[in-house]
Amino acid sequence: MASSLSLLLLVLCSLAAAQARLRVFNLRATGLPSDALGVSDGYVKVSCGAVSLGKTAVLHNQVNPWWEEEFAYLSAKENDILRLEVFDSDLIFDDELGVCSRQLKKGTYDYQCSLEDGASLYYSYTLY
């Protein structure tokens, strides 16, 4: 019985992800600037309109991080604004390294966005 319930939950979660109107994935950065200690501990906050979709894990000591997280949002619509904010995690205050904003359109797209000090953020999204 327990395994049947687990299987049902897995199927329902998979269906919810498959039905997502917006899917943001393949987030990576190049050339993130180093902080005073000579390292970069980057992460990305993702939002659509006024709704936060979450944030990636902090990848420590990487100037060219590639995050594995994907973000989904069922209520996204064409012309909503997708916003990705890149930060360097620090002990006291996280430094903002740049913001990428884009008006959503239907389809699948790959984008590159310029951040500070010559760094770049690359990401993909699909809107159904």
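Trainee: Over how many bridges do β2 and strand β3 pair?

Mentor: Happy to start there, keeping in mind that this is a predicted model. Strand β3 covers residues 51–55, and Val46 stands opposite Gly54 in β3. The two strands, β2 and β3, run in the antiparallel sense, and the number of bridges in their pairing is four.

Trainee: Which residue in the turn of the β2 and β3 hairpin has a positive phi?

Mentor: The hairpin formed by β2 and β3 leaves two residues between the strands. In that turn, a phi of about 60 degrees belongs to Gly49.

Trainee: Is Ser47 buried or exposed?

Mentor: Ser47 lies in strand β2, and its contacts, leaving aside residues up to four places away in sequence, are Ser52, Leu53, Ile81, Leu82 and Arg83. The relative accessible area of Ser47 is 12%. Anything under 20% falls in one class, so Ser47 is buried.

Trainee: And Cys48, what is its relative accessible area?

Mentor: Cys48 can be judged by the same cut-off, under 20% for a buried residue. Cys48 is buried, because its relative accessible area is 2%.

Trainee: Thanks! Moving to the loop before β2, which backbone oxygen does the side chain of Ser40 reach?

Mentor: Ser40 is found in the loop between β1 (22–30) and β2 (42–48). Among the residues Ser40 touches, with those up to four places away in sequence not counted, are Leu32, Pro33, Leu59, His60 and Asp88. One of these contacts involves the Ser40 side chain and a backbone oxygen at 3.5 Å, and that oxygen belongs to Pro33.

Trainee: Why does Ser40 count as buried?

Mentor: A residue is called buried when its relative accessible area is under 20%. Ser40 is in a loop, yet it meets that limit because its relative accessibility is 1%.

Trainee: Good. Which cysteines does the disulfide join?

Mentor: The count comes to one disulfide, with an S to S distance of 2.0 Å. That distance fits the requirement of sulfur atoms within 2.5 Å. The joined residues are Cys100 and Cys113.

Trainee: In which strands do Cys100 and Cys113 sit?

Mentor: This pair links distant parts of the chain, 13 residues apart. Both cysteines are buried. Cys100 is in strand β6 (residues 95–103), while Cys113 is in strand β7 (residues 107–114).

Trainee: What is the handedness of the link between Cys100 and Cys113?

Mentor: The angle to look at is the one about the S-S bond, which is -100 degrees. With that value, the link of Cys100 and Cys113 is left-handed.

Trainee: Let's turn to the rings. How many aromatic pairs does the structure hold?

Mentor: Ring centres have to lie within 6.5 Å for a pair. By that rule the structure's number of aromatic pairs is five.

Trainee: What kind of aromatic pair do Tyr43 and Phe87 form?

Mentor: Their positions in the chain are 44 residues apart, with Tyr43 in strand β2 and Phe87 in strand β5 (residues 81–88). Both are buried, Tyr43 with a relative accessible area of 3% and Phe87 at 9% relative accessibility. The ring centres are 5.3 Å apart and the planes differ by 15 degrees. Planes under 30 degrees apart fall in one class, so the Tyr43 and Phe87 pair is stacked.

Trainee: Which residue lies over the face of Phe87?

Mentor: Besides pairing with Tyr43, the Phe87 ring has a charge over it, at 4.9 Å from the ring centre. The residue in question is Lys45.

Trainee: Why is the pair of Tyr111 and Tyr123 tilted?

Mentor: Tyr111 in strand β7 and Tyr123 in strand β8 (residues 120–127) are twelve residues apart. Tyr111 is buried at 15% relative accessibility, and Tyr123 is buried at 2%. Their ring centres lie 5.8 Å apart. The pair is tilted because the planes stand at 35 degrees.

Trainee: Which residues do ring pairs link into a cluster?

Mentor: Tyr111 touches Tyr123 and Tyr125, among others. Tyr111 and Tyr125 are 14 residues apart in sequence, with C-alpha atoms 8.6 Å apart in space. The cluster linked by ring pairs consists of Tyr109, Tyr111, Tyr123 and Tyr125.

Trainee: One more: over which ring does the charged end of Arg23 sit?

Mentor: A charge over a ring needs CZ of Arg within 6 Å of the ring centre. The charged end of Arg23 is 3.9 Å from a ring centre, and that ring belongs to Phe25.

Key:
Residues numbered from 1 in each chain as written. Predicted model: local features only at pLDDT ≥ 70, side-chain atom pairs only at ≥ 80, totals over all residues. Heavy atoms only, no water. Buried < 20%, exposed > 50% of the residue type's maximum accessible area, 1.4 Å probe, protein only. Polar contact = N/O pair within 3.5 Å; in protein donor to acceptor, adjacent residues only side chain to side chain. Contact = heavy atoms within 4.5 Å. Pairing = 2+ DSSP bridges. Phe/Tyr/Trp six-rings, centres within 6.5 Å; stacked < 30°, edge-to-face > 60°. Lys NZ or Arg CZ within 6 Å of the ring centre and 35° of its normal.
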